[in-house]
Amino acid sequence: MRLAILKETANGETRVALLPDAVKTLISRGLEVAVEPGCGAEAGASDEDFAGAGAQLRPNRAELLATADVIPVVNGVAPADQERLSEGTVIAGFLRPLDEPERLQNAIARGATLFAMELVPRITRAQAMDALSSMATVSGYKAVLLAAATLPRMFPLLMTAAGTVPPARVLVLGAGVAGLQAIATARRLGAVVESYDVRAAAGEQVKSLGAKFLEVDLGGIQTEDQGGYARELTEEALERGRELITKTARTSDVIITTALVPGKRAPLLICRAAVESMRGGSVIVDLAAPAGGNCELTQPGHDIIHHGVHLLAPLNLPATVPVHASQLYSRNMVNFLQLLIKKGELNLDMNDPIIRGACVARGGEAMNERVAALLPPQQARAVVCEQRRIS
Ligand code: NAD
């Protein structure tokens, strides 16, 4: 069975799906691995490293796409590349099936088997495959460094012969994986940190990192779903959060905002008035930009200055830390692939909740209910059959 590692083509992408140590593991499991030259160049893995791990270098991308049985990717496969896929080729990566299902239509129509790393269920057994958490960790860390480099002040409290420098005040909105890493990083730099999340359970984690948890009375509504994710709030509940945020923004030097509700537009938490109440030179880093942003003024992918406040809205921070981001992603990916491959052959056990949960499409049809709802009817049929078979 052949696995191919391609050079990522998305604008600004520097990560690679698998690194040489993962290649070694897969070859030891009986796979042949071919790589497109230069695929790991920015992630600290040279062609010689891949060759040393046992991979073959193949410069013909079209041939790699047409002959591979498994193609692990970071960002999905570009539409032109999808034209070359064969029936049954397995693609695994961040395929954005709920955000951009239309970009997958070609691959689905060609009968490719698609696995979305963002749909791997967050169950204990799948922790080692949780690429979403890995990338959120990198983003939370890097967001604080970006803010610290942009802020015209220092983060730590300094007591010097020339006087005392007060610590920066950082507000982190959303205390999930990215938010908690942002809190930890800001604390390490010496900032005073406050955080707000709709999930009460996040409070203990925030406090354990030495930050203050801001509580809002949301009237006892259910804010968390069964999977531990935040629910979409009513406009009234959102407004209560915004009131607290507007009040806290006035005294914050930095706001790192990470709030997301899976499959929905990111909740609007920072209104124009809150931005305009901040001191000149303050910084907002909106990590929810790929889902529309948590700030009313966010322009995804653009950095702007509004009333002297820097508003940064990066779309792919993990790509700015390609070595470690690829290292984490590659480990998650090789763990996931080992679930699909038994004795050197593909063995897709659709009763396994991880495999079933991550599968977007197979045999020309959608395998995931939420994705099926977003696709044309002829690609959505399999969901019903599959669900009947499982139940
Ligand atoms: P996420 O990226 O979906 O959202 C980020 C944070 O935003 C969440 O903490 C969410 O509660 C918060 N949020 C959403 N709407 C908000 C609003 N209106 N106001 C303020 N905050 C809001 O979440 P995530 O980082 O992927 O993690 C979600 C949950 O999954 C957490 O409980 C986390 O601990 C859990 N988790 C479990 C595992 C596992 O068991 N393997 C792995 C990773 C995460």
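Let me begin with the ligand and its surroundings. In this predicted model, 23 residues surround the ligand. The closest of them are Arg122, Ser133, Val177, Asp197 and Arg199. Sorted by class, this shell consists of 13 nonpolar, six polar and four charged residues.

I turn now to individual contacts with oxygen atoms of the ligand. For Asp197, the distance from an N or O atom of the side chain to a ligand oxygen is 2.6 Å. Arg122 places a polar side-chain atom 2.9 Å from an oxygen atom of the ligand. Gly176 takes part through its backbone: an N or O atom there lies 3.1 Å from a ligand oxygen. As for coverage, the ligand on its own has 840 Å² of accessible area, and the protein covers 85% of that.

My second topic is a pair of helices. Helix α6 spans residues 131-150, and helix α11 spans residues 322-340. How do their axes meet? They come within 9 Å and cross at roughly 170°. Angles over 145 degrees count as roughly antiparallel, and therefore α6 and α11 are roughly antiparallel to each other.

Which residues form the contact between α6 and α11? From α6, there are Ala131, Ser134, Met135 and Val138; from α11, they are met by Ala325, Leu328, Tyr329 and Asn332. By class, the residues of this contact divide into six nonpolar and two polar, with no charged residue among them.

To close, I return to the ligand: its shell includes four charged residues, whereas the contact of α6 with α11 has none.

Definitions and conventions:
Residues are numbered from 1 along each chain as its sequence is written. This is a predicted model: local features need pLDDT of at least 70, side-chain atom pairs count only at pLDDT 80 or more; totals for chains, interfaces and linings use all residues. Side-chain values use heavy atoms; hydrogens and water are left out. A residue is near a molecule or strand if one of its heavy atoms lies within 4 Å of it. A polar contact is a pair of N or O atoms within 3.5 Å; within protein, one must be able to donate a hydrogen and the other to accept it, and residues adjacent in sequence count only if both atoms are side-chain atoms. Accessible areas come from the Shrake-Rupley method with a 1.4 Å probe; for residues, only the protein chains shown count as cover. Ala, Val, Leu, Ile, Met, Phe, Trp, Tyr, Cys and Pro count as nonpolar, Asp, Glu, Lys and Arg as charged, and the others, Gly among them, as polar. Axes are lines fitted to C-alpha atoms, for helices over the stretch in contact, and angles run from 0 to 180 degrees between N-to-C directions. Helices (H or I, at least four residues) and strands (E, at least two) are DSSP runs, numbered from the N terminus. Angles under 35 degrees count as roughly parallel, over 145 as roughly antiparallel, 65 to 115 as roughly perpendicular and the rest as oblique. Contact means heavy atoms within 4.5 Å.
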